[in-house]
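User: I am new to this structure. Please look closely at one part of it, the nonpolar core: which residues have the most contacts inside it?

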Amino acid sequence: MESNEIQALLDEITPQLKTSLKGWYGAGAVLMDSPEVKPRNWSVFVRYNVQVDQDKRKAILVKIRRRPDESLMTSIRDVK
């Protein structure tokens, strides 16, 4: 999987997660650092670390299913 394909994936899903953070974790929740991306043959896992408040951290794990012969962006479009 190419780095530009991974960046396109992050550009697609990160804003959606940011929009939902406050509803899930409260007004002070923010995404931390860059997410960890783990490509697999049949899926891609993206782990986002979330700072919930000063003393509390959580993580969001996003799994995107895909066929090995399919581009990642095609997989995302199929889900929408």
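Analyst: A nonpolar core is a set of buried Ala, Val, Leu, Ile, Met, Phe, Trp, Tyr and Cys residues joined through side-chain atoms within 4.5 Å. Buried means under 20% relative accessible area, exposed over 50%, and partly exposed in between (1.4 Å probe, protein chains only).

The model is predicted: local features need pLDDT of at least 70, side-chain atom pairs count only at pLDDT 80 or more, and totals for chains, interfaces and linings use all residues. Residues are numbered from 1 along each chain as its sequence is written, and side-chain values use heavy atoms, without hydrogens and water.

Now the core. The largest one holds 17 residues. Leu9, Val46, Tyr48, Val50, Ile60 and Val62 have the most contacts inside it. At least two core residues come from each of helix H1 (3–25), strand E2 (43–53) and strand E3 (56–65). (Helices, H or I with at least four residues, and strands, E with at least two, are DSSP runs numbered from the N terminus.) H1 is the biggest supplier, giving six residues to this core.

Look at H1 next. Its buried residues are Glu5, Ile6, Leu9, Leu10, Ile13, Thr14, Leu17 and Leu21. So Leu9 appears twice: it is buried in H1, and it is among the residues with the most contacts in the core. H1 is bent. At Thr19 the bend is about 35 degrees, taken as the angle between axes fitted to the seven residues ending there and the seven starting there. After H1 comes Gly26, with a positive phi near 110 degrees.

Ala27 lies in the loop between H1 and strand E1 (30–39). Ala27 counts as exposed because its relative accessible area is 67%. Its C-alpha atom is separated by 31 Å from that of Arg65, 38 residues away along the chain.

Turn to the strands. Two strands pair if DSSP finds at least two bridges between them. E2 and E3 are antiparallel partners, with ten bridges. A hairpin of two residues connects E2 to E3. Tyr48 faces Ile60 of E3 across this pairing, and both residues are on the list of those with the most core contacts. Ser43 stands opposite Arg65, also in E3.

E1 pairs with E2 as well. These two run antiparallel and share seven bridges. Lys38 has Phe45 in E2 as its bridge partner. Three residues make the hairpin that joins E1 to E2.

Asp33 sits in E1. Asp33 is not a glycine, yet its phi is positive, about 50 degrees. Most residues other than glycine have a negative phi. Asp33 counts as exposed because its relative accessibility is 68%.

Now step back to the whole chain. It has two helices and three strands. From the N terminus, the order is α-β-β-β-α. The C-alpha trace spans about 45 × 20 × 20 Å along its principal axes. The chain has 80 residues, and 34% of them count as buried. About 5,500 Å² is exposed, with carbon and sulfur atoms supplying 47% of that area (Shrake-Rupley method, 1.4 Å probe; for residues, only the protein chains shown count as cover).

How confident is the prediction? The chain's average pLDDT, the predictor's confidence in each residue from 0 to 100, is 88. At least 70 is reached by 92% of the residues. Confidence peaks in E2, at 95. Helix H2 (residues 72–79) has the lowest confidence, with a mean of 68. Where pLDDT is low, the predicted coordinates should not be read in detail.
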